[in-house]
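Work through the exercises below with the model open. Each task is followed by its solution.

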Amino acid sequence: MDSLTQIVLGGSLAACVVPAAHRRRALLVGAALGTLPDLDVIPLTLLGLDPIANMTWHRGPSHSLFVLAALGLLIWMLLRRIWVPVREAPRAWLLAIVLSLLTHPLLDAFTVYGTQLLWPLPVAPAMWSSVFIIDPLYTLPLLVGFIAAIILGARARARPFLVAGIALSTAYLGWSLVAKALVEHSVDEALAREGRRGARWFSTPMPFNTLLWRVVVMTDDGYLEGERSLVADRGPLHLRKTPSDTATLAQLRTQLPSVARLHWFASGFVKIDARDRDLVISDLRMGAEPDYTFSFLVAERIGDEWSGVRPVQLDMQIDVPARLGEMWQRIWNEPSAAQVPES
């Protein structure tokens, strides 16, 4: 999730569990710890990694539940030695510190990006994909509670604001899982209708909401893509077909570590296509055809063969206001039969 959300979540949780007299200090400590895992972008940048390595190591060790639990214990032990509030309420502060750190990657796992919760175990990143990386309806209750607690400080009225903010944001996460289940029921029906049971697919909410969802289904020669509005859609889910050079992708996965790494990180939800003499791989989970947040030049044609190059991230070419306008209209309107392309 975005930094503001992690700040107010960490601060709210910490302020909820410490004594009232420590509340304002816990807001600041929890806010700092809540955003700490995302500071891995600093060492990753300094290391000069290629963009695929940079992308796939973010939300790696810094987001591991094992690493953060150990780090939280070390921070608590240090603060207990040097800071009076932690010595006055050691158990409450241990809980505050651990909650602020561990909830960061757990919340990130509700997005589609991919969070390596169990690093260093060799398991695929978690991508529960029930909320977009920025969702105002999740953040707003936490922000209101956080601001109220700053203003009210140790007064008794502050804690109900914090509890309400956490409860409402958690309820919204619960709703996002219900919404996802409704969408996935439509996907199951569509795949059964088209004889594609067993295909690999994912669903994820469109930006800033949980009412409009994007669905991607992998095929032998590319993938299918469609949208589902929980407000407007009553008919079957329709999917559009996009080709991808899956044979070349399979070959390059064995030849280029960067391609293999991105394929693993994205759980196989990638496409590859030739653009003149360049070969580009795109992460299908973030963006929509033909614009993807993470697209990388990974090879160039030399003669009749593809030769790997150091990955280069390509700029996303998209008219954001126009896309958001289209998304808003799609939430409230189901396409007519004439507008639905064949899959």
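**Exercise 1.** Classify F296 as buried or exposed, then describe its aromatic pairing with F294.

*Solution.* Start with accessibility. F296 has a relative accessible area of 0%, so F296 is buried (under 20%; exposed is over 50%, partly exposed in between, with a 1.4 Å probe and protein chains only). F294 is buried too, at 14%. Next, the rings. Their centres lie 6.4 Å apart with 15° between the planes, a stacked pair. Rings of Phe, Tyr and Trp (its six-membered ring) pair if their centres lie within 6.5 Å; planes under 30 degrees apart are stacked, over 60 edge-to-face, the rest tilted. Finally, widen the view: Y113, W264, F265, F294 and F296 make up one aromatic cluster.

This is a predicted model: local features need pLDDT of at least 70, side-chain atom pairs pLDDT 80 or more, while totals for chains, interfaces and linings use all residues. Residues are numbered from 1 along each chain as its sequence is written, and side-chain values use heavy atoms, without hydrogens and water.

**Exercise 2.** Which geometry do the rings of F202 and F269 have?

*Solution.* The centres are 4.8 Å apart and the planes stand at 65°, so the pair is edge-to-face. Now place the partners. F202 is in strand 1 and F269 in the loop between helix 11 and strand 5, so the pair ties together parts 67 residues apart in sequence. Strands (E, at least two residues) and helices (H or I, at least four) are DSSP runs numbered from the N terminus. Both F202 and F269 are buried.
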